[in-house]
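Me: Could you take a close look at one part of this model for me, the strand in the sheet that you find best worth describing, and then work outwards from there? I'm happy with a long answer.

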Amino acid sequence: MELAAKLEILADAAKYDASCASSGAVRKAAPGEIGNSTGMGICHSYTPDGRCVSLLKILLTNYCVYDCVFCVNRISSDTRRARFTPAEVVSLTLDFYRRNYIEGLFLSSGIIQSPDYTMEQLVAVARELRREHKFNGYIHLKAIPGASQRLIHEAGVWADRLSANVELPTQNDLSKLAPEKNLVTIRSAMSGIKSGVEEAAQESRAAAKTVSAPGIVPGRRASTRRARFAPAGQSTQMVVGATETNDATILSLASDLYEKHELRRIYYSAFSPFPKADSRLPIAAPPLVREHRLYEADWLMRYYGFQAHELTTAAQPNLDLKLDPKLNWALRNRERFPIDINRGSREELLRIPGIGYRTVARILSIRRYHWLRLEDLRKLRVFLRRARAFLIAADHFPEPAELDAVSPEQKLIVEPVQLSLFGAEMAALSGQL
């Protein structure tokens, strides 16, 4: 098969893996090396459906010995197959980089022969790029659950980020739809990655102490730069909507993964139906807004101090599709409001709907010099239409009845409006299109 045909098949097959990011690792090129990676990501290209892609995102192969019901590349699928050799992936990465199409690589694969064999192939690509071609750009490798810890550790030496996909939120779901996989094996791979990251951090601290010791002349630590293990950490992905598992269970697992394995991020991917799918799968895709609500809830757990059990209730185990999780929580806990914007703690301010965590940092800084009024909050771009019923400012104190009368349908939900592209009201003064 021609290389271009392989690329067409395997780039398209990679679109189902959402756990792809280009930020989190900063590395500058040294003389004789190719490329660099920055914490803000890299140059972008766009797929036909409008997604922004900043990496060469491909599968090594879409052959797979597993029969995961929800996966289009399962062994029983009649999809068109292809396979790259490690040398072909290396060549594509370097050629695309030299043309300024990409500055990094996201490489995953179906399972061929065994987890160890597949992991060896992925590691071979990263090792050749780093060692033979001095490629210094971003590399994200898929960690194959069930592969030996030796191979996963070597992958972390060459890659910036590793990801072992948890796929489905419970073992029952995996047993039903992905019988060759189990949660224990997946989490074991995550634990191995976490251990590698911690060991590298300890080595880095020890090296820093050695460099700063009396009598040691500081110099460039080129020997320790490549020894870092997965400097951008690890991530994972969960498929949402392929089973009836509720959001409370998904968020509980996500919270546990963040706590025990120190994941940088969890990606939620709404199940996408495909032709000739198994009868155990749903016919229709879940609402995409459900995926969006899970990301919002995930953000609240990571940056706003929320616990997973706070975001849902026993009576409503799924996130509300009409209200964002923070607003929904506030409406269920009205007795905790209003909160004084000039006296409340950081933790309290983070709970106010319409105020983001960066805005909270600005509020805490500004209020050291003067009390904030509603106009100050407006300048900080606080969504006052949503927030004013939940806060006290220097010139604002909501009436008790105002909070009790809050109705999402009347006040807090802004209905989408289709704007006119050529209407006279869309003047240059408004800056709107």
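**Strand E4 and its surroundings**

Reply: Let's start with how the side chains sit on E4: Gly-104, Phe-106 and Ser-108 point one way, Leu-105 and Leu-107 point the other way, and all are buried. Keep in mind that this is a predicted model. That pattern fits the general rule: in a regular strand, side chains alternate between the two faces of the sheet. E4 covers residues 104-108, and five of its five residues are buried, so the strand counts as mostly covered by the under 20% cut-off on relative accessible area.

Now for the neighbours. On one side there is E3, residues 56-59, which pairs with E4 in the parallel sense over four bridges. To get from E3 to E4 the chain goes through helix H2, residues 86-98, and this β-α-β crossover is right-handed. You can pin down the register with two pairs: Leu-56 has Leu-105 as its bridge partner in E4, and Lys-57 has Phe-106. E3 has its own two-way split, with Leu-56 and Ile-58 pointing one way and Lys-57 and Leu-59 the other. All of these E3 residues are buried, the lysine included.

E4 also pairs with E5, residues 138-142; the two run parallel and are joined by four bridges. Here the chain crosses over through helix H3, residues 115-132, and this β-α-β crossover is right-handed too. For a marker on the E5 side, take Leu-107, whose bridge partner in E5 is Leu-141.

One step further along, E5 is joined to E6, residues 161-163, by three bridges, and these strands run parallel as well. Lys-142 stands opposite Ser-163 in E6.

Zooming out, E4 belongs to an open sheet of six strands in the order E3-E4-E5-E6-E7-E8, with parallel pairing. E3 and E8 (265-270) stand at the edges with a single partner strand each, so one side of each has no neighbour in the sheet. Neighbouring strands in this sheet are turned by 20° against each other on average, direction ignored. As background, strands of a sheet pair through backbone hydrogen bonds, either parallel or antiparallel.

Since E8 has come up, follow the chain back from that edge strand to Glu-262, which is placed in the loop between helix H8 (247-261) and E8. Its phi is near 55°, a positive value in a residue other than glycine. Glu-262 is partly exposed, with a relative accessible area of 47%. Arg-381 is another case, with phi near 65°, again positive in a residue other than glycine. Arg-381 lies in the loop between helix H13 (374-379) and helix H14 (384-387), and with a relative accessible area of 76% this arginine is exposed. The backdrop for flagging these: most residues other than glycine have a negative phi, and most peptide bonds are trans.

On the peptide-bond side, there is a cis bond from Phe-337 to Pro-338, with omega near 0°. Pro-338 is found in the loop between helix H10 (325-332) and strand E9 (339-340).

If you like looking for internal voids, the structure holds one cavity of 30 Å³ or more, and the largest cavity has a volume of about 50 Å³. Its lining includes Leu-168 and Pro-169, the run Val-239, Val-240, Gly-241, Ala-242 and Thr-243, and also Thr-245, Ile-250 and Arg-290. By residue class, the lining divides into six nonpolar, three polar and one charged.

One last spot to click on is Ala-200, in helix H6 (residues 183-211). Ala-200 counts as buried at 14% relative accessibility. The C-alpha atoms of Ala-200 and Phe-229 are separated by 5.7 Å, while these residues are 29 apart along the chain.

Terms used
Residues are numbered from 1 along each chain as its sequence is written. This is a predicted model: local features need pLDDT of at least 70, side-chain atom pairs count only at pLDDT 80 or more; totals for chains, interfaces and linings use all residues. Side-chain values use heavy atoms; hydrogens and water are left out. On a 1 Å grid over the protein atoms alone, a cavity is a set of points where a 1.4 Å probe fits but cannot get out, and a pocket is an open set with protein on both sides within 12 Å along at least five of seven lines; lining residues have an atom within 4 Å of a point. Grid points are joined across faces, edges and corners, and a volume is the space filled by probe spheres set on the points. Ala, Val, Leu, Ile, Met, Phe, Trp, Tyr, Cys and Pro count as nonpolar, Asp, Glu, Lys and Arg as charged, and the others, Gly among them, as polar. Buried means under 20% relative accessible area, exposed over 50%, partly exposed in between (1.4 Å probe, protein chains only). Two strands pair if DSSP finds at least two bridges between them. A crossover is right-handed if, with the strands pointing away from the viewer, the path from the first strand over the helix to the second runs clockwise. Axes are lines fitted to C-alpha atoms, for helices over the stretch in contact, and angles run from 0 to 180 degrees between N-to-C directions.
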